[in-house]
Amino acid sequence: MKHFEFLPITLIGILTICSCTNNYETDLYDSGAVAEKNAKTILGDYDKNQDWNTITSGSITIKANAPLENIAKVQILTESPFFNEDAVVLNEAQAESGKTITLTYSAPKTRETLVAACVSGDGNYYIQVFNIGDKEVSFVGNSSAQARKTRAASNEAPTISTIKLAAPVKSFNARRAEQGTFTISGTTYTEWQNSGWENELMWAPTDDNTFDGGWKMDKGAIYRDIDGFAEGEQANVEAIVNDFLVKAGNDKYSVNKKRNNLRLIRTSSHFTLNNNYLFTDGKTPVTLIPIQANSTEFKQNHVYYYYYKPSDVAGMTSEEEVLFIKALPKFKAIPVERVQASANIGKFFRNKEFLLPYYGDGTPTEGVNTAQAIFPSGYKIGFLNMKHNNNDNNILNSSYGCTYGDGRLNYEVNHLKGHYLSAVDKKLGGSSEEGMAFTDPRIAVFTANNKNYLCFEDGADNTFCDMIYEVGGGTNVIEEELQPEAAAYTMCFEDRIEQADYDMNDVVLQATRVNETHIQISVIACGANDKVVLKGIENSRFLNNSEVHELFGLDNTQTFVNTEVGPKALRLNPVSESILVDKTMRIENFLKNIYLENQTTGKTIKVAKKGEPPYAVIVPVNFKYPMEHTCIKDAYTHFLEWAKNINDSDDWYLYGEAKNIFPDLFSNK
């Protein structure tokens, strides 16, 4: 978990709205009907059942039994942390393998599930999704029965000594290279001239091969039927994929808005270290297991693989290596139409496992070839997708072509206007903002929960979730480096009751849970004209009983801090303190204990009761509070929907109007 000298103003997804009261002896609304009338004048009539709370709190007992070496701690997160900058840590504790830990959490009411994680001393993660309200969680992948479901063992490989190969066919690249120059819809392409693709051949076994152990042949692919996901595993896979490879926005305010995942693909260790090649481990078969196809064009996709020893290209330049790879034989892995159907588009499934045989290092021949079910150790395996309708090999169809995980091999196909060029960056003539370079990958490898996965971009939108395959075994795993931040809960106060303008920035606090016994509180901003003192922070050494302006080193209560923009605006770093708390203290309850004493008016601002108007908000999702003198209803246009109906728009704090909210000056993202 990262910690910084000052904390980011980070929305995390939980919200409580608080209110004012008079001093302990006097009820807030003894001020008369003025405060109530003022609130309704600005906010309108609000739901009388409104408790201004979008936080759900609970506790979960975690058994640290994930299949990781050197477990050092357990965490509760909002989402899967793999390639997901929105995942934040709600709580954590030191733990050893097999130890049982109970942690409290406060999470957004909008969430139905959370994520438990075991973390190794090296920072490797293994996650398990659980439902809010569950009392305990354990990790899948521990029993031998579960292990058999998740990857093929060496004794489950078919007995192979020879495989009969059909006559090879030339790839689209090879036939376009033979053509040299060709024209499609008025555009002449010369990229395939002297490209070195002339000798690329596509090979596939014939369907009259027979295998033991339940392995079968169909459409040039070797596969077996499998049982599906291990218990609890599908929820993990869905969380990993849906939080990383987002196809479209899943909220009501961004329906069908596709997300460009290219930047995240480029950060993968498999891309930065190995150019999306996998390395064989020599222990188990190399297999692919389809788990999702999110493309209506699945019938056109035909997945192939190729391989070579690193020593084969030792001493070569990159250009020489590319020419070597182009000429390698490519072998069929999966005819996607055999595992996908229109009814399954976008759904998760796991019912077939495809074997990738090793055919030796020589040039294949039509007919019988020697083969093995398990690769020798240390080979590099690359992947490609040949896209075309069956029996249609028209090279003048700009939607047809071969796309690779090694981006250097995509240079030519990425120039084809329409289907492929659309994914390329606008600056290069494509259609995408922050789109591909001509040599970017179209198949990526990522690792999560001790497994490798392939994700495909078969077309034009850079989502990389057109197809997703689990690598069932036979390859080495590279753990990704993950450092999710602690969840930040931002508490925003009004300083007055009768004259509240509801810009909710008169005092802004932020809380993050450092670990199970410490919560860090930061004073972020002050937009109050009055003398306001923090109260209710137990075990505080200096924040409690301090006047907020003075904490920033100011002696003038008329000075605003971090609520305005412009050349004269005052911007100062937050003032922070780590507070010792009991393990059972939930951050929601901790914040509800904090209140303001306005020494100018003699009023006290505390958490609202049900049906009372709000005078503070607690927001835990990168909340950018309203600009000075900007009402919260104008900064967050869905706020009033939620105020009027407690069951509507309780994620309003995610949708701010940029011109009306204060910039997130302290975020490291």
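# Briefing: salt bridges, aromatic pairs and packing

E233 and K451 are joined by a salt bridge in which the closest N and O atoms are 2.3 Å apart. The partners come from distant parts of the chain, E233 from helix α4 and K451 from strand β26, 218 residues apart. The model is predicted. It holds 30 salt bridges and 38 aromatic pairs.

**Salt bridges**

- Both ends of the E233–K451 pair are buried: E233 has a relative accessible area of 7%, and K451 is at 6%.
- The pair belongs to a network of salt bridges that links E233, R350, K451 and E470.
- R408 and E321 meet through their side chains in a salt bridge of 3.4 Å, N to O. R408 lies in the loop between β24 (401-404) and β25 (443-448) and E321 in helix α7, so this pair ties together parts that are 87 residues apart in sequence.
- R408 is partly exposed at a relative accessible area of 21%, whereas E321 counts as buried at 14%.
- D530 and R496 form a salt bridge with their closest N and O atoms 2.6 Å apart. Since D530 sits in the loop between β31 (518-526) and β32 (532-535) and R496 in the loop between β29 (488-493) and β30 (507-515), the pair ties together parts that are 34 residues apart in sequence.
- D530 is buried, at 3% relative accessibility, while R496 is partly exposed, at 29%.

**Aromatic pairs and charges over rings**

- The structure's 38 aromatic pairs include W52 with W642, an edge-to-face pair at 5.6 Å centre to centre and 75° between the planes. This pair links distant parts of the chain, with W52 in the loop between α1 (34-43) and β3 (55-63) and W642 in helix α11 (residues 639-644), 590 residues apart.
- W52 is buried at 0% relative accessibility, and W642 is buried with a relative accessible area of 0%.
- Y636 and W652 also form an edge-to-face pair, 5.5 Å centre to centre with 75° between the planes. Y636 is in the loop between α10 (632-635) and α11 and W652 in the segment after α11, so the pair ties together parts that are 16 residues apart in sequence.
- Y636 is buried with a relative accessible area of 2%, and W652 is buried with 0%.
- One aromatic cluster takes in Y46, W52, F623, Y636, F639, W642, W652 and Y653.
- R176 places its charged end over the ring of W192, 5.5 Å from the ring centre.
- K330 does so over the ring of Y306, at 5.3 Å from the centre.

**Helices and their packing**

- In helix α7 (residues 318-326), the buried residues are E321, V322, I325 and K326. They fall within an arc of 135° seen down the axis of α7, so they line one face of the helix.
- These buried residues of α7 pack against β19 (301-308), β20 (330-335) and β23 (380-387).
- F244 belongs to helix α4 (residues 233-244) and is buried at 1% relative accessibility.
- Beyond its neighbours within four places in sequence, F244 contacts F82, F83, R259, N261, L264, I265 and F446.
- The C-alpha atoms of F244 and E231 are separated by 22 Å, with their positions 13 residues apart along the chain.
- N173, in helix α3 (residues 172-179), counts as buried at 1% relative accessibility.
- Not counting residues up to four places away in sequence, N173 touches W192, W197, E200, C402 and Y404.

**An open sheet**

- Five strands, in the order β8-β7-β4-β5-β28, make an open sheet of mixed pairing. Strands β8 (125-131) and β28 (485-486) stand at the edges with a single partner strand each, so one side of each has no neighbour in the sheet.
- Strands β4 (residues 71-77) and β7 (residues 113-120) run antiparallel and are joined by six bridges.
- Q75 has A117 in β7 as its bridge partner.

**Positive phi outside glycine**

- Most residues other than glycine have a negative phi.
- N275 has a positive phi near 55° and is placed in the loop between α6 (269-274) and β17 (278-279).
- N462 has a positive phi of about 65° and lies in the loop between β26 (451-456) and β27 (467-473).
- N462 is buried, at 0% relative accessibility.

Key
Residues are numbered from 1 along each chain as its sequence is written. This is a predicted model: local features need pLDDT of at least 70, side-chain atom pairs count only at pLDDT 80 or more; totals for chains, interfaces and linings use all residues. Side-chain values use heavy atoms; hydrogens and water are left out. Helices (H or I, at least four residues) and strands (E, at least two) are DSSP runs, numbered from the N terminus. Buried means under 20% relative accessible area, exposed over 50%, partly exposed in between (1.4 Å probe, protein chains only). Contact means heavy atoms within 4.5 Å. Two strands pair if DSSP finds at least two bridges between them. Rings of Phe, Tyr and Trp (its six-membered ring) pair if their centres lie within 6.5 Å; planes under 30 degrees apart count as stacked, over 60 as edge-to-face and the rest as tilted. A charge sits over a ring if NZ of Lys or CZ of Arg is within 6 Å of the ring centre and within 35 degrees of the ring normal. The arc is that of the directions from the helix axis to the C-beta atoms. A salt bridge is a side-chain nitrogen of Lys or Arg within 4 Å of a carboxyl oxygen of Asp or Glu.
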